[in-house]
Amino acid sequence: MSSAPIRTSAPRDDDARGPGATTSHPSRPDAHGDVADPPPPAPSGTDRVRRATARWARDASPVLGPVAKTLKYVSLVAACLVAIVPLVTVFMASFKTQAEFRETGPLDPPTSWTNLDNFVTAFTRGGMLQGFVNTTIILVVALTGTIIIGTMAAYAVDRFTFRGQRLVVGAFLLATLVPGVTTQVATFQIVSGLGLFNTRWAAIVLFMGTDIISIYIFLQFMKSIPKSLDEAAMLDGANRMTIYARIIFPLLKPAIATVVIIKGIAIYNEFYLPWLYMPKRDLGVISTSLFRFKGPFGAQWEVISAGTVLVIVPTLVAFLLLQRYIYNGLTSGATK
Amino acid sequence: MAAVTGPAGALDVARAARRKGRGRSGPGGGATKGGWRVTPWLFLLVPVGMLLLFTYVPVANMVWYSFTSWDGLDPVKEPVGWKNYVEIFTRPEIFRVFLVSLYYLVGAAVQLVLALYFATVLSFSTRFRNWFKGIIFFPYLINGVAIGLVFLYFFRPGGTLDAFLAAFGFTEPPLWLGDPSLVNVSLAATSVWRYMGLNFVLFLGAIQSIPNELYEAADLDGANSWQKFRFIIAPGIRQIIGLSLILAISGALSVFEMPFVMTGGANGSETFVIQTVNTAFKFSKVGLASAMAVVLLLIVLLISWIQRRILPDERGDLT
């Protein structure tokens, strides 16, 4: 147990703004509400200094606790404002009429929150409708392909031992290091060589063929599926294809959900590939359609805002519904 | 490459199986046990085929193109030796764009520090914690083009930022995106706004996966919060910090979307990737562009290699 606080005459270290140390809650870290805020410069030089600082921080906690707590909430609220304000002003602009937009400032709310003219313009003249259709088609086909390819690759690597296995695994690993943007100069020649340029297949095939992260997610998950299941099925006379399709694939559902979410978001947001490979107007996905707003609607910020809001709203809805899965998916995807 | 070895046990089994396979010479044995098994390759046919076609063949081609003066259409690819590489490092207007990366590197550092701060703060009990977490994270999910337009509106003369500053009596704001000395700062700030949430959530996840017993033990020893950060949290999330740092650095070198959508590379905001794309697809100098892409690829590989040297225990195995 910690010793009782001893009053020191004067704080040794003036700018060690003590993160209000609490000493008597030996339960969960969550119990330490009053912690926080910029870690004070660490006097990690000698033990003596460190102990003195610790003692000082403990002494000062009744005073500094509330201060630190205030600073913590102020910084959190500030961060939230920075995150929200740019979006809110665009949201407000999307409801303004052209004249109203010219006369009012960005921080003024629109007179009517039900003026949907800009959204109609964005949808019809801006080609957003076409964009949503194309994005949906690409999303569905590419996701299906990614799941089939990824689970098959993971199944082969995890459930078999074969010559060249290390080479295959190494090839997939090494490929994660190759940044996609750099190789497009040469990939472009292959895609156009296959006759896929300016078709939806260009984006679909590239989304499917260059996704290594999902293979890792499947692989990681598959390791937790006991091999005895396979063996039991094999004793019953099932072949490998049956085992994959009937046993492994259904058990991979949680991993599939993760891949659908993180890959789905990535495809929905992708700009570079569709922009490079599908310049045809009819093939615009939401990113490229929205990008084209910069031209014809160059000065009509209220229409551009409406298009932007149209793109953000589905993301917001998905986030609100799938929050927990998104956090988990990103954590398992990014650390691989 | 130690990192790619599968579980050692599995490999031993594989080796034993192969030996057995070789010893036995029965007909049709190859397809069942040991030797060259066919079934795994049936499953791998499509995945490996696509991996080769869309990753390895392009990289190989890119290296080849980089030694030619190819324009992307001509059936003949004239070899020019190292000329393209010499051009990259001697023509100042090509090499200069690397300096633009410095802005994004500074931005990446700010981003990681902010993410670490907010993750630490929110790992302790906080009111409205999930709200704060969600709001700080959400920008990461937004479509890049939408973010570009949101910030074009934010930075435009008379836009959100100017209106905000005017409310505080600052009425003569600079041209945030028009002034060459400011444009990269504005764009890097936009990148921080966009990507900070990801680092934040990753750090938070790593902090929360530290076992509670460690904090309890620290409490018993009378540790204060800074000591808990310094001796429990920091070592516990060292790996993810290292990984984020590497990703941030290679991200800063290959920035494309934000400046491309917002300024198109005008006013000195051109990045290396924008220049590569323009060189290849606008000016039809595929040879030179390939050389530029190879240079970037080598830098990124070098950084990844350094990461593995510094954090050798990163991923000892497949997962």
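The following exercises, each with a worked solution, treat a predicted model of two chains, A and B.

Residues are numbered from 1 along each chain as its sequence is written, and chains are lettered from A and ligands numbered from 1 in the order in which they are written. In this predicted model, local features need pLDDT of at least 70 and side-chain atom pairs count only at pLDDT 80 or more, while totals for chains, interfaces and linings use all residues.

**Exercise 1. Describe the secondary structure and burial of each chain.**

Step 1. Helices (H or I, at least four residues) and strands (E, at least two) are DSSP runs, numbered from the N terminus. Chain A has 14 helices and zero strands. Chain B has 15 helices and zero strands.

Step 2. A residue is buried if 20 or more other C-beta atoms lie within 10 Å of its own, exposed if 12 or fewer, and partly exposed in between, with C-beta atoms placed from the backbone. In chain A, 41% of the 336 residues are buried. In chain B, 44% of the 319 residues are buried.

Step 3. Two residues are in contact if their C-beta atoms, placed from the backbone, lie within 7 Å. For chain A, 75% of the contacts between residues at least 6 apart in sequence join residues at least 24 apart. For chain B, residues 24 or more positions apart account for 67% of the contacts with a separation of 6 or more.

**Exercise 2. Determine which residues touch the most other members of the largest nonpolar core.**

Step 1. A nonpolar core is a set of buried Ala, Val, Leu, Ile, Met, Phe, Trp, Tyr and Cys residues joined through C-beta atoms within 7 Å. The largest one holds 161 residues.

Step 2. Those touching the most other members are A:A203, A:F218, B:A119, B:A146, B:V150, B:F200 and B:F203. Helix α9 (residues 180-208) of chain B supplies the largest share of this core, 15 residues.

Step 3. Not counting residues up to four places away in sequence, A:A203 touches A:I138, A:L273, A:P274, A:Y277 and A:M278.

**Exercise 3. Describe the contact between chain A and chain B.**

Step 1. Chain A contributes 98 residues and chain B contributes 92 residues. On the side of chain A that touches chain B, helix α1 (residues 47-93) of chain A gives the most, with 15 residues.

Step 2. Ala, Val, Leu, Ile, Met, Phe, Trp, Tyr, Cys and Pro count as nonpolar, Asp, Glu, Lys and Arg as charged, and the others, Gly among them, as polar. The residues on this side of chain A are 64 nonpolar, 25 polar and nine charged.

**Exercise 4. Analyse the packing of α4(A) with α11(A) and of α6(B) with α9(B).**

Step 1. Axes are lines fitted to C-alpha atoms, for helices over the stretch in contact, and angles run from 0 to 180 degrees between N-to-C directions. Helix α4 (residues 128-159) and helix α11 (residues 253-269) of chain A have axes that come within 10 Å and cross at roughly 140°.

Step 2. Angles under 35 degrees count as roughly parallel, over 145 as roughly antiparallel, 65 to 115 as roughly perpendicular and the rest as oblique. α4(A) and α11(A) are therefore oblique to each other. Their contact has 10 nonpolar, four polar and one charged residues.

Step 3. In chain B, helix α6 (residues 129-137) and α9(B) pack at about 140° with axes 8 Å apart, and they are therefore oblique too. B:K133, B:I136 and B:F137 of α6(B) meet B:G197, B:F200, B:V201 and B:L204 of α9(B). By class, this contact has five nonpolar, one polar and one charged residues.

**Exercise 5. Classify A:F101, A:D236, A:N198 and B:N267 as buried, partly exposed or exposed.**

Step 1. A:F101 is in helix α2 (residues 98-103) of chain A. A:F101 counts as buried because 23 C-beta neighbours lie inside 10 Å. Leaving aside neighbours within four places in sequence, A:F101 contacts A:A93, A:K96, A:W301 and A:E302.

Step 2. A:D236 is in the loop between α9 (227-235) and α10 (240-251) of chain A. With 8 C-beta neighbours inside 10 Å, A:D236 counts as exposed.

Step 3. A:N198 lies in the loop between α6 (180-193) and α7 (200-209) of chain A. A:N198 has 15 other C-beta atoms within 10 Å and is therefore partly exposed. Although not a glycine, A:N198 has a positive phi of about 65°.

Step 4. B:N267 is in the loop between α13 (257-262) and α14 (272-281) of chain B. With 18 C-beta neighbours inside 10 Å, B:N267 counts as partly exposed. The phi of B:N267 is positive, near 60°, in a residue other than glycine.
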